[in-house]
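Please open the model in your viewer and keep the selection panel at hand. We will go from one selection to the next, pausing at each stop to look at what is there.

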Protein chains: 2
Amino acid sequence: MNKMQVKTGTAETVAAALEQAIHEHRLPPGMKLGEDELADVYRVSRTIVRAALQSLAHNRLIELKRNRGAFVAQPTVAEAREVFEARALLEPRTARSAAERMTEADITALQAHIDAEHAAIDDGESGRALYLSGLFHIEIARIADQKTIADLINQLISRSSLIIALYWQRRAALCESHAHHALIEAFRDRDGDLAEELMKSHLLDLVTSLDLRSRKSVPSSLHEALRK
Amino acid sequence: MNKMQVKTGTAETVAAALEQAIHEHRLPPGMKLGEDELADVYRVSRTIVRAALQSLAHNRLIELKRNRGAFVAQPTVAEAREVFEARALLEPRTARSAAERMTEADITALQAHIDAEHAAIDDGESGRALYLSGLFHIEIARIADQKTIADLINQLISRSSLIIALYWQRRAALCESHAHHALIEAFRDRDGDLAEELMKSHLLDLVTSLDLRSRKSVPSSLHEALRK
DNA sequence: AGTGATCAGATTGTATACAATATTGTGGCT
DNA sequence: AGCCACAATATTGTATACAATCTGATCACT
């Protein structure tokens, strides 16, 4: 493989590990991430852990409270709406661009993503399936060859994973992968118009399949929780 | 004032100082930012400087090269285009939202921004004028009451300042503030359609007023610079 | 018992010491 | 002189020690 050797034990690897754990819902929203604890787990010093946490905080995957520590973020309903509104502004156009410059290799890669996604679903690893479903969108942004926009979408999808973990309601697990299939068909035909339209409605479906009336998780500050 | 007391000497204050220096073009693209040097200037330890630099790197205002240090970013032509394409996706719709929920106080605040901008221009502080012109856009995003999108726009405008500093060609300094005036008029009328349209063409004007054929600054690696 | 002050423990914030790496200068060799 | 190896220096990367702050437990007092 032509992949660069990635040194283990760096801030980047720790951040990546934590990010994946959050995406796969192994670290639930609100959970405290103690620095000493993480340093012990990953066998690095707190310096490294701290750098990783700062990075995650910048992407809003965790919240840093001064003198209190790091906690897995708990997006509010308002935030959830905002994230999907931002995605609605960015992703449809990006899907169009991607469709227009899609190569056979790209399509193959996307298909592989979907297959992996299905495999995860079949194995009952819904957390991992969710993660892979996010990667599908990120891959599209990458194909569109707009690094800047791809980065923004990356941030948003990262947060979306958390949001979906919080507000997802079980049913409708199948319709999503269907949407991804439909997108691939549009990509095969290099149909920019259709891809843009499909992405738009896909995102709309996603939002409406969330339950944005009640939050399921434990509120982080009792302060807000107990004044009924 | 109801403003919170901001402790000096924190990573945030150092990052803010550096960001402003970059925006006002006092730190030119490509300039090396040595850790010890900065620590000495701001009277803090390298720990703090490092945190600040990481933060700026995340916003792409500086580039961190492993074992080499931090350098003020030098956006390429491709990056410049990408940043403005991203803004074109986000800002027009945001301007519409802002127009729809604009209050008198908001309009006053925006007008104050423009006035300050003009004052800076009259004083010949073109760097500061550029910075304030960016704040105008950020203020609009804030008024639209979409924190997530506002954050994204904030990042993009931050980078835009650098880009404009690099690729701006002198003429056309006046048309910009004219565009801002026109926007305010639309806001006064709560005319969402017009605001969206004006923002769209304003961003287009900005891009076309850049010289994206030749780069003016010193290239960071002599390697690429000297092989004519 | 209930309230509040004070103190011990734990956790984060910051500075500094040391290690790893890159850069630059020197000297020997051809 | 030109080139290469190697040492000296400077700079960044990481770990750790110490300071500041928060938590929550104990205990005196009403």
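Which residues come nearest to DNA strand C? Keep in mind that this is a predicted model, then select DNA strand C and the 15 residues around it, of which Arg46(A), Arg50(A), Ser45(B), Thr47(B) and Arg68(B) come nearest. Of the atoms of DNA strand C that come within 4 Å of the protein, 70% belong to sugar and phosphate.

Next, colour this surface by residue class, and you should find eight charged residues, six polar ones and one nonpolar residue near DNA strand C. If you switch to a cartoon view, look for α2 (35-42) and α3 (46-58) of chain A and for α3 (46-58) of chain B, each of which supplies at least two residues of that surface.

Now zoom in on single contacts. Select Arg66(A), where a polar side-chain atom lies 3.4 Å from a phosphate oxygen of DNA strand C, and then Asn67(A), where a backbone N or O atom lies 3.2 Å from a phosphate oxygen of that strand. In chain B, select Asn67(B), which places a polar side-chain atom 3.3 Å from a sugar or linking oxygen of DNA strand C.

Finally, show chains A and B together. A turn of 180 degrees, with a shift of 0.0 Å along the axis, lays chain A on chain B with an RMSD of 0.0 Å, which is the relation of a two-fold axis. To find that axis from chain A, select Leu89(A), whose C-alpha is the nearest to the axis in that chain, at 3.1 Å. Both copies use the same surface, since 100% of the contact residues of chain A recur in chain B.

Definitions and conventions:
Residues numbered from 1 in each chain as written. Chains lettered and ligands numbered in written order. Predicted model: local features only at pLDDT ≥ 70, side-chain atom pairs only at ≥ 80, totals over all residues. Heavy atoms only, no water. Near = heavy atom within 4 Å. Polar contact = N/O pair within 3.5 Å; in protein donor to acceptor, adjacent residues only side chain to side chain. Helix = DSSP H or I, 4+ residues; strand = E, 2+ residues; numbered from the N terminus. Nonpolar A, V, L, I, M, F, W, Y, C, P; charged D, E, K, R; others polar. Least-squares fit on C-alpha atoms with pLDDT ≥ 70 in both. Contact = heavy atoms within 4.5 Å.
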